[in-house]
Amino acid sequence: MTQARTQAGKTNRRGFLSGAAKAAAAYTVLNSPLAGYLARAQSGQASKPALNLASDPRRPQFHLLPAANWMNDPNGPIYWKGRYHMFFQYNPNAAVWGDMHWAHAISPDMVHWKHLPVALAPTPGGPDADGCFSGTAVVRDGVVTFLYTGVAKASSEEATLRDGHNNFKETQCYATSTDPELRTWIKRPTPVIPTPPHGMQVTGFRDPAPWREPALYPDGWLMAVGSGEQKKGGAILLYKSPDLQKWEYLHTVATSTPKDGDATNPVDSGDMWECPDLFPLGNKHVLIYSTQGKVFWKVGELDSKELLFHEQQSGLLDYGSFYAPKTQLDKHGNRILWGWIPESRPVAEYSASGWAGLMSLPRVLTVGNDDHLKIGVSQEVEKLRKHEQKLHLAPIKAGDKQLLSDQRLKDACGELLCVVKPSSEPFTLDLLDATPPNDAPKDATTAVTSQVSYLSIRYSQANPGELVVDQQRMPIHLAAGQPLELRLYVDGSVIELFANNQSTCTKRFYYPGPTAPEIAISITGRPADITHLSLWQLSPISSDRLTT
Ligand code: FRU
């Protein structure tokens, strides 16, 4: 969950593409039940024996993830013709980063997904020959259009991306689809932005994020691009265009101070900012970008005269394993944010498991009266709830640890809501491993002997401005009398925690063996302070953990 581990989630770019497995892993189909998996494998969705993946308890059951192999950033999420489309960075050949394609999934509600064939693949000899990197989908004149970054080998002078072995050029590319289900894409053969702005020694040049905002620029489109400059630091570049194809560079909308880190990995030092997203929200503008394994938000104003961004507040979007998010509008006009949840286990482990990474739940963004970004969960997720268990605390002495006796979250697949009135007594909540021993009588509720806590949350009025999640401190501001509201989604090997729509923390947790642990809830504090405690088992979105 630490930054270092989050960064380790992606194979170091030193090995950029050089080690990418270009050939699909060979495997044998022994009997007919595998036929369905084979069909998916042939459509580019799996390349390992899928039976293991279908029964791996660490694979989430209500989050979107590919049927096999590696995924990272969400790309071009869009609501189109009554369906939600999600594209994402995907390696069809291995469970490690490399050979980037855009995978494609479709949903009626942002919760239940079906995989479609890969939408974008590198074109040999084209500007994206070595990878189709992240980008955005917009609609122009009724046609869905992608702006994305193409990566191709280049001379050292032209390079914008270096991995210590090879030099690559990043260019901004363009593709359109007139297919109602967005299955087929036509690429413009040449980039729409072939080079970075004249005279800039960029540390990177990628992840175009165009948007239309007639109040600011009536004649066309604005676009943010992730970048940075050597000796100057990370930066977001602003462009404008009448038609999404001819682009004019304007200026930077945000910059940092130079960090002077390792030139082959400027993202780790903060000298390169990736995956910008800039959009109006309420009567403000929000800028989001990713660097150093973290996601930053800024709320401010983009003035219509000069198109300069005037920052008013800033913060971290998530305090755990969460990176490279991207927003879209849902069918009601809510601003929805999706993020890549990387692995926090070693590369050798996830590579051997045959899968890596998942998509966050859809998060709803708003700007609060304090100009801070607020982050909740889309109401659509509530439809996964099965029957509710309201939990009751037996009377305990203040300060005692209280196990919510017989309630268990089964199969690591559920939601917990806990509302607490802050008092003089510190409050803690732990999710404990409560798997009964093998010899325990069936159906009996056994005492929890394990000390394994998958997540620990602490709040104390001694430090009222912070919530401590494991070792991580995150800000929380409760007005007088306002309760602490904790919402947790537990799914296979991930926990998404939302605290009062103010701070979020996404945690990966791992365990050995073929079954998911049963989880018990343990609490300290005054029982009378806990005003609400509910637990729901959530319904898996597929019968075989392959989200199809
Ligand atoms: C962020 C990122 C983007 C890039 C993509 C490549 O995780 O590095 O900047 O477009 O991943 O997979």
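# A guided tour of the predicted model

Begin with the hairpin of strand 3 and strand 4: 6 residues lie between these strands, and among them Met 110 takes a positive phi near 75°. The structure on view is a predicted model.

**The two strands of this hairpin**

Select strand 3 (residues 101-107) together with strand 4 (114-120). The two run antiparallel and are joined by 4 bridges. Two pairs may be picked out here. Ala 105 has His 115 in strand 4 as its bridge partner, and Trp 102 stands opposite Leu 120, also in strand 4.

**On to strand 2**

Keep strand 3 selected and add strand 2 (residues 83-91). Strand 2 and strand 3 pair in the antiparallel sense, over 7 bridges. One such pair is Phe 88 with Ala 103, its bridge partner in strand 3. Is strand 2 largely enclosed by the rest of the structure or left open? Of its 9 residues, 8 are buried, so strand 2 is largely enclosed by the rest of the structure.

**Strand 1 and the second hairpin**

Next, select strand 1 (residues 69-80), which runs antiparallel to strand 2 and is joined to it by 7 bridges. In this pairing Trp 70 stands opposite Asn 91 of strand 2. The two strands form a hairpin with 2 residues between them, and Lys 81 in the turn has a positive phi of about 50°.

**The whole sheet**

Now display the strands as one sheet. In which order do the 5 strands stand? The order is 4-3-2-1-20, in an open sheet with mixed pairing. At the edges are strand 4 and strand 20 (355-356); each has a single partner strand, so one side of each is left without a neighbour in the sheet. As general background, strands of a sheet pair through backbone hydrogen bonds, either parallel or antiparallel.

**The largest nonpolar core**

Leave the sheet and select Ile 288 and Leu 317, the residues with the most contacts inside the largest nonpolar core, which has 65 residues. Strand 19 (residues 335-341) gives the most to this core, namely 5 residues. Both domain 1 (18-377) and domain 2 (387-537) contribute to the core, with at least three residues from each.

Centre the view on Ile 288. Not counting residues up to four places away in sequence, Ile 288 touches Cys 275, Pro 276, Asp 277, Phe 279, Val 295, Phe 296, Trp 297, Leu 317, Pro 325, Leu 337 and Leu 365. Apart from this core lies another, of 35 residues, which includes Tyr 319, Leu 409, Ile 457 and Met 474. In soluble globular proteins, nonpolar side chains tend to be buried together.

**Ile 495 and Val 452**

Select Ile 495, which is placed in strand 32 (residues 494-499). Ile 495 is buried, with a relative accessible area of 1%. Leaving aside neighbours within four places in sequence, Ile 495 is in contact with Leu 431, Tyr 454, Leu 455, Leu 488, Tyr 489, Val 490, Cys 505, Thr 506, Lys 507 and Phe 509. A distance drawn from C-alpha to C-alpha between Ile 495 and Arg 508 gives 6.4 Å, for residues 13 apart in sequence.

Then move to Val 452, in the loop between strand 27 (427-433) and strand 28 (453-459). Is Val 452 buried or partly exposed? At 41% relative accessibility, Val 452 counts as partly exposed. Beyond neighbours within four places in sequence, Val 452 is in contact with Leu 431, Leu 432 and Asp 433. Val 452 and Leu 431 are 21 residues apart in sequence, and their C-alpha atoms are 8.5 Å apart.

**The cysteines**

Select Cys 132 and Cys 173. Why is there no bond between their sulfur atoms? The sulfur of Cys 132 is 7.8 Å from that of Cys 173, the closest cysteine sulfur, and this is too far for a bond. A disulfide needs the two sulfur atoms within 2.5 Å, and by this rule the count comes to 0 disulfides. Cys 132 is buried, at 0% relative accessibility. Cys 505, one of the contacts of Ile 495, is also buried, at 2%.

**The full view**

Finally, show the entire protein. The secondary structure comes to 5 helices and 35 strands. Of the 548 residues, 59% count as buried. The accessible surface is about 21500 Å², of which 51% belongs to carbon and sulfur atoms. Among contacts with a separation of 6 or more, 61% come from residues 24 or more positions apart.

Key. Residues numbered from 1 in each chain as written. Predicted model: local features only at pLDDT ≥ 70, side-chain atom pairs only at ≥ 80, totals over all residues. Heavy atoms only, no water. Buried < 20%, exposed > 50% of the residue type's maximum accessible area, 1.4 Å probe, protein only. Contact = heavy atoms within 4.5 Å. Areas by Shrake-Rupley, 256 points an atom, 1.4 Å probe, with all protein chains shown as cover. Core = buried A, V, L, I, M, F, W, Y, C linked by side-chain atoms within 4.5 Å. Domains from an automatic or database assignment. Pairing = 2+ DSSP bridges.
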